Amino acid sequence: MPSNSPAPAGSPRDAVDTPSDPTGTSPHDPSAAHRVANAHPARAAQSPAPSPERADPIDPNPSPALRAPASVPDPSTPGGYRAVFAVREFRAVFAAHLLSLLGVVVSELALTVLVYDLTGSPLLSALTFALGLLPYLIGGTLFAGVADRYPARRVLVTCDLLCAGCVAVMVLPGTPVGGLLALRCVVALVSPVFTGTRTAALTDILGEGDLYVLGRSLLRIVSQSALLIGFGVGGVLLAAVSPRGAITITAGTFLCSAALLRFGTRDRPARVGGDGGGGALFKDSLAGARTVLADRRIRALMLLFWVPPMFVVAPEALAAPYADEIGAGSAALGLLMCAMPAGHIGAELYAGSVLSPRARSRIVLPIAAAALLPLLLYAFRPGLVLTLVALALAGVGAAYVIGLDQWFVDDVPEELRGRAMTLLTAGLMTFQGIGMALAGLAAEFVPVHQVVAGAGVIGTVCTLLLVREVRNTEPAHGLRTEVRDGADQHMTSG
């Protein structure tokens, strides 16, 4: 199933978890019980989510009441990313994500080549990529209710099968170009629903604590890496088989993903009732979006996910004209495209492996505030080496989301979690698309290096305003629950 990431590499892709400071000195207290008590009084009496299971066998007939794993983590089990992989269900989700994401990247490349071969039109070829972004807002807004109204496993498997069916029709020789583009839109419409449902389901599989954060981090790292590897694999594949042949192979990746999710994860019940037809679904989806965005705290956190990526895509969107501006060759263009995701992957791996949950929480706002500052170096029209350094540092700044994820999952009520995660995905892709379009438009009138530097300035100002809003909406400090304290004591930085 498509990830939330046909957009350029180097920006946050998938939207993480941190305990508070027991002394109360940290400006951020992401304790789930504490946030719920302040932001959602009606849910304050609920106990914190149980810790996830480890490598226990999957119960083929789980109780319908199961919403989260029930076993308590053993202090002797490994910490960090190793602890996440110790959860059997997550391994299935991880493998499915890897397969489907590689399939999406390869299919996008192959479909673009196929459309160009059939039409000879650069415009239609470029539109094939654009259609991977444009439907996100529609799908994430009108169909977000699916994530909460139906069991997660059923939604995920259905989405994968639907995408496999669309890809299968694409390879038929008689499918017209208009049909190819329409099928591309269907896949893009499904993508935010799939990603939002999977993200919400991770809280059931991994709990709402640090394992959830690290699980999200791993999926984000895979998304970054797959974009780099996938285009290379796609290029090699297209040298060996026809575009239709490459697309056929991706249909198999969707089917494998569906099988992994069907037989590797538990069948948990829906979060809310699913009665009513399509009209009720649309109404429920829009009502959920209004509820989420009406909450000042959740809205601020969501915008902090969206706004920095909107500006950080500028150097990637303009990489080709900038390489031409500084007289660099095509090899340099590849380096410019790889520098930012490489910085992001390295920083996120470090934060997830070395930093404690408390430390990851403390650095969210400072790093978010400074993340776009490296782009200011473009104002001096630096050479290739300094440009690569600036891009890598901007990628490092994107790792602030590993702490932001925890705050978000703590503040969103469980019954809205699927819709909130779907809306988060749709907004992220939409903001990145807008950012790319605005950067391209500005570059028609202003030199490329000035456009990127301007994106750094404007983006930093906007982010600082959001940082202030996040601080202003931070709940009052309180004592952590004994249960959460105990969980924190057993959590290592891996």
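Me: Which side chain does S257 join through a polar contact of 2.6 Å?
Reply: In this predicted model, S257 is found in helix α10, which covers residues 243–264. The polar contact of 2.6 Å runs from side chain to side chain, and the partner of S257 is D160.

Me: Is S257 buried or exposed?
Reply: Buried requires under 20% relative accessible area. S257 has a relative accessibility of 0%, so S257 counts as buried.

Me: Which helix gives the most residues to the largest nonpolar core?
Reply: The largest nonpolar core has 112 residues, and F90, L206 and I247 are among those with the most contacts inside it. Leaving aside neighbours within four places in sequence, I247 is in contact with residues including S107, L111 and V171. The top contribution to this core is 12 residues, from helix α8 (residues 177–206).

Me: How far apart are the end C-alpha atoms of helix α12?
Reply: Helix α12 runs over residues 296–312, and 14 of its 17 residues are buried. At 1.5 Å a residue, helix α12 should span 24 Å. The distance between its end C-alpha atoms agrees with this, at 25 Å.

Me: Which backbone nitrogen does a side-chain oxygen of D295 reach at the start of α12?
Reply: The oxygen belongs to the side chain of D295. It comes to within 3.0 Å of the backbone nitrogen of R297.

Me: What is the phi of R381?
Reply: R381 lies in the loop between α17 and α18. Most residues other than glycine have a negative phi. R381 is not a glycine, yet its phi is positive, at about 50°.

Terms used
Residues numbered from 1 in each chain as written. Predicted model: local features only at pLDDT ≥ 70, side-chain atom pairs only at ≥ 80, totals over all residues. Heavy atoms only, no water. Core = buried A, V, L, I, M, F, W, Y, C linked by side-chain atoms within 4.5 Å. Buried < 20%, exposed > 50% of the residue type's maximum accessible area, 1.4 Å probe, protein only. Helix = DSSP H or I, 4+ residues; strand = E, 2+ residues; numbered from the N terminus. Contact = heavy atoms within 4.5 Å. Expected span 1.5 Å × (residues − 1). Polar contact = N/O pair within 3.5 Å; in protein donor to acceptor, adjacent residues only side chain to side chain.
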